[in-house]
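Work through the exercises below with the structure open beside you. Try each task before reading its solution.

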Amino acid sequence: MYICHMQLLDGVLVSAHIKEQIKTEVKEWQAGGGKKPHLAAILVGNNPASEAYVGSKVKHCEELGFDSTLLRFDAAITEQDLIKEVERLNNDDNIDGILVQLPLPGHISGDSVINAIAQGKDVDGFHPVSVGKMLLGQPTFLPATPYGIMLMLEYYNINTAGMNCVVIGRSNIVGTPMTILMSRNANPGNATVTMCHSKTKNLKEFTLNADIIIAAIGRPKYVTADMVKPGAIIIDVGINRIDDASKKSGSRLVGDVDFDNVAPLCSYITPVPKGVGLMTICGLMKNTLLAAKLRTGK
Ligand code: NAD
C-alpha cells in the first residue's frame, strides 16, 4: 500500500495571508494619495447561492478597506435595462470594479452583459478582451477562481513544471482558463495539460496518469480514490450541497472529490469548504485593487 504524507492546502491560512497583504497595500496606496478601491456588485433575482456569494464579497470589501456598492435587481429586469446599469457603472468615476453575479435569469444573455463591462473594470476577468490577453500571456485581470488556485500553488511553493495536469471541466469561468494558466511558460504553470469534460471517454485513464488533478465538474464526490495516482496533487473546485441528516440544516457542502478516500493517497489536497472558495475571493480582491491603481493612473 502507498503511504504518503498528505498536506492540506489550507484556504483559511493562505487567504488570511493574502488578505493581510492586500490590506497593507491598500493602506500604502491611500497614504500615497490613492483612492479607496470601490467594487460594484450586481445581483439579479434571489438565488440563495448567489446571495451568499455576493454577500461574502461585499463583506470582504469592508474587511479589506474597500468601498462596495451592491445593486439588486428584480429577476424580471430586461437585458437592455441591465446593460444600461452596467454602462452607468462604466461611466461612474467612483467605481473601479464591476462584478455581475452569475448565473443570470434565462431571458438575459450573460455574454451580452459581460461584454458591456468596461474592460478596465472587469475584475471577474470574464470579458473577451481580458480572456484574450490571458491567452496571449499579456498582463490582465485573471478569472478569480483560477487566479486564486495559482496563488495557492505559489504559496505552497509547488513547482508544477513538467507535471501532467488534468483539468476536469471546460467552463469559461474555471476549466478553460485553468488549462491556459497551467500550460503557460511560468511558475505555477509549465505543465502538460489535458482538458477533460462531459464527453471524455475513460476519464479514469487520464486521471490515473495525472500528477495534478483540478476538478471543476459540479458533481459531488465524483473523483474517487481508484481514479487517483498515489502522490498526486488534488485541487477541488466543486461546491455541491448534499443531504446530511446529522446536520442541523439537513445538508452540507462537499467538493467534486471524494475527500475522505482520496486524501490519504495524495501529496496535497484542498478541502471543501475552506479551500478554493476562499482563494476565489482573494483573486477578486486583488483584481479590484489592481483596477483602482491602473484606472487612477498612479
Ligand atoms: P459548469 O457546470 O459550467 O461546468 C462543469 C463542467 O464539468 C463542464 O464543462 C462539463 O463538461 C464537465 N463535466 C460534467 N460532467 C462531467 C463528467 N461526468 N465527466 C467529466 N466532466 C464533466 O460548472 P462550473 O461553473 O465550471 O463549476 C464547477 C464546480 O465548481 C461547481 O460545483 C461550482 O459550484 C464550483 N465552483 C466553485 C468556485 C469556487 O470558488 N470554489 C467557483 C466557481 C465554481
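Two strands count as paired if DSSP finds at least two bridges between them. Keep in mind that this is a predicted model.

**Exercise 1. Find the strands that pair with β2, and give the sense of each pairing.**

Solution.
- Start with β4, residues 97-100. β2 and β4 share 4 bridges, in the parallel sense.
- That passes the cut-off of at least two bridges. A41 of β2 stands opposite L99 in β4.
- Now take β3, residues 67-73. Here β2 pairs over 7 bridges, again parallel.
- Check two positions along β3. L39 stands opposite S68, and H38 has D67 as its bridge partner.
- In general, strands of a sheet pair through backbone hydrogen bonds, either parallel or antiparallel.

**Exercise 2. Write down the strand order of the sheet, and explain why β3 and β4 each have one side without a neighbour.**

Solution.
- The order is β3-β2-β4, in an open sheet of 3 strands with parallel pairing.
- β3 and β4 stand at the edges. Each has a single partner strand, so one side of each lacks a neighbour in the sheet.
- From one strand to the next, the twist averages 15°.

**Exercise 3. Place helices α2 and α3 relative to the strands.**

Solution.
- Helix α2 spans residues 48-64. Together, β2, α2 and β3 make a β-α-β unit, and its hand is right.
- Helix α3 spans residues 79-91 and packs on the sheet. α3 touches β2, β3 and β4.
- Compare directions: α3 makes about 175° with β2.

**Exercise 4. Decide whether each face of β2 is covered or open.**

Solution.
- Residues count as buried under 20% relative accessible area.
- In a regular strand the side chains alternate between the two faces of the sheet.
- One side of β2 carries H38, A40, I42 and V44, and these are buried.
- The other side carries L39, A41 and L43, also buried. Both faces are covered.
- The count agrees: 7 of the 7 residues in β2 (residues 38-44) are buried, so the strand is largely enclosed by the rest of the structure.

**Exercise 5. Count the disulfides, then check the surroundings of C196.**

Solution.
- The structure has 0 disulfides.
- For C196, the nearest cysteine sulfur belongs to C165, 9.9 Å away. A disulfide needs the two sulfur atoms within 2.5 Å, so this pair does not qualify.
- Next, accessibility. C196 is buried, at 0% relative accessible area. C266 is also buried, with 0% relative accessibility.

How values were computed:
Residues numbered from 1 in each chain as written. Predicted model: local features only at pLDDT ≥ 70, side-chain atom pairs only at ≥ 80, totals over all residues. Heavy atoms only, no water. Buried < 20%, exposed > 50% of the residue type's maximum accessible area, 1.4 Å probe, protein only. Right-handed = clockwise from strand over helix to strand, strands pointing away. Axes fitted to C-alpha atoms, helices over the stretch in contact; angles between N-to-C directions. Contact = heavy atoms within 4.5 Å.
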